[in-house]
Amino acid sequence: MFSTVLLALLPFVGAKTLSVDFSEYNSSMTVADFLFAKGFKINTYDVDGGDPYNRTYEADNVGIADGYLTMKVTGGTKPGSNVPSACIQTIDSNIVSGTFKTTAIASEVEGVCHGFFTFESNSQESDIEILTSFLYSGNDAVDGGLQLTNQANNGNSSQNTRKAVPYPADPTAGEHEYTLEWSSGSSKFFFDGSEVATINENVPTAPSAFLVNAWSGGNPNFTAGPPTEDAILRVSKMEFMYETA
Ligand SMILES: *[C@@H]1O[C@H](CO)[C@@H](O)[C@H](O)[C@H]1NC(C)=O
Ligand SMILES: *[C@@H]1O[C@H](CO)[C@@H](O)[C@H](O)[C@H]1NC(C)=O
Ligand SMILES: *[C@@H]1O[C@H](CO)[C@@H](O)[C@H](O)[C@H]1NC(C)=O
Ligand SMILES: *[C@@H]1O[C@H](CO)[C@@H](O)[C@H](O)[C@H]1NC(C)=O
């Protein structure tokens, strides 16, 4: 379900579609080559998010099994070590608007974040995030629910525009479709095709990539964790349609 705004733009500018169904994978290709052929790459770098633990995105934590892209946060990280995490992104990093649908099953293991988001920098970012420790209830710092955020354009994270909405269905019990519709002036968020929130403040304007990740920073104010056992996000499909700069 694409917005009429986006559809109206299609005749005039080059829309691009990425479509991947992980049930089509067979071991004739490596996971990295399969993703690359579909328009995605695996990220491998360290992130210092200012949390009690840094994280390292590792290629080995991204796999494909039984029809799902598996994005693992390895359990049992000791203090002082980085949390082994997983991240992929579109090869295109000049996306300016689009509709991004990810169908996935969240991990039941507490202490991780699953992110589906546009990213250029920490002040140009629109996020859908599942916090496995805060599905239904939160604490002083985080509300329970599906986390929807536009990061503050001025870089002051305490001014991020956030909404947490109750999950319409258990995200760990089966596949659900998480959609971000990013356009000029608004970020709209959908769960299984139904709109759950719109944020019109701090909408990113910079050309961006779209990322999917699974990670923990061990911060009780956000991801909690790190997890004591492996936590795996399972993605069955991604359907992206977007404009580039
Ligand atoms: C395996 O996947 C490749 C690439 O998607 C495809 O060309 C090939 O036909 C598949 N092979 C089998 C045996 O399904
Ligand atoms: C995270 O990484 C930064 C930069 O390498 C380092 O200065 C900091 O000590 C690390 N923090 C933790 C908790 O490991
Ligand atoms: C960041 O925003 C908060 C909340 O609006 C404000 O209290 C704080 O002074 C800001 N920090 C800076 C460095 O501007
Ligand atoms: C969590 O938030 C509290 C209150 O806002 C703050 O005092 C504490 O330092 C935060 N913890 C971490 C690990 O950032």
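The exercises below work through confidence, ligand surroundings, a pocket and backbone geometry in one predicted model.

Residues are numbered from 1 along each chain as its sequence is written, while chains are lettered from A and ligands numbered from 1 in the order in which they are written. Because the model is predicted, local features need pLDDT of at least 70 and side-chain atom pairs count only at pLDDT 80 or more, whereas totals for chains, interfaces and linings use all residues; side-chain values use heavy atoms, with hydrogens and water left out.

**Exercise 1. State which elements of the protein chain have the lowest and the highest mean pLDDT.**

Step 1: with pLDDT (the predictor's confidence in each residue, from 0 to 100), the protein chain averages 95, and 95% of the residues score at least 70.
Step 2: among the elements, taken as DSSP runs numbered from the N terminus (helices H or I, at least four residues; strands E, at least two), helix H1 (residues 4-9) is lowest at 54, and strand S7 (residues 83-90) is highest at 99.

**Exercise 2. Describe the surroundings of ligand 4 and of ligand 2.**

Step 1: counting residues with a heavy atom within 4 Å, Pro52, Asn219, Pro220 and Asn221 are the residues around ligand 4, and by class they comprise two nonpolar, two polar and no charged residues. Here Ala, Val, Leu, Ile, Met, Phe, Trp, Tyr, Cys and Pro are nonpolar, Asp, Glu, Lys and Arg charged, and the others, Gly among them, polar.
Step 2: an oxygen atom of ligand 4 lies 2.2 Å from a side-chain N or O atom of asparagine 221, and one lies 3.3 Å from a polar side-chain atom of asparagine 219.
Step 3: taken alone, ligand 4 exposes 360 Å², of which the protein buries 32% (Shrake-Rupley method, 1.4 Å probe).
Step 4: the residues around ligand 2 are Asp48, Pro52 and Asn54, and a side-chain N or O atom of asparagine 54 is 2.2 Å from an oxygen atom of ligand 2. Taken alone, ligand 2 exposes 360 Å², and the protein buries 38% of that.

**Exercise 3. Identify the cis peptide bond and the loop that holds its proline.**

Step 1: glycine 225 and proline 226 are joined by a cis peptide bond with omega of about 5°, and proline 226 is found in the loop between S16 and strand S17 (231-244).
Step 2: alanine 224, in the loop between S16 and S17, has a positive phi of about 55° although it is not a glycine.
Step 3: asparagine 202, in the loop between strand S15 (194-199) and S16, has a positive phi near 55°.
Step 4: for context, most residues other than glycine have a negative phi, and most peptide bonds are trans.

Note on methods: Polar contact = N/O pair within 3.5 Å; in protein donor to acceptor, adjacent residues only side chain to side chain.
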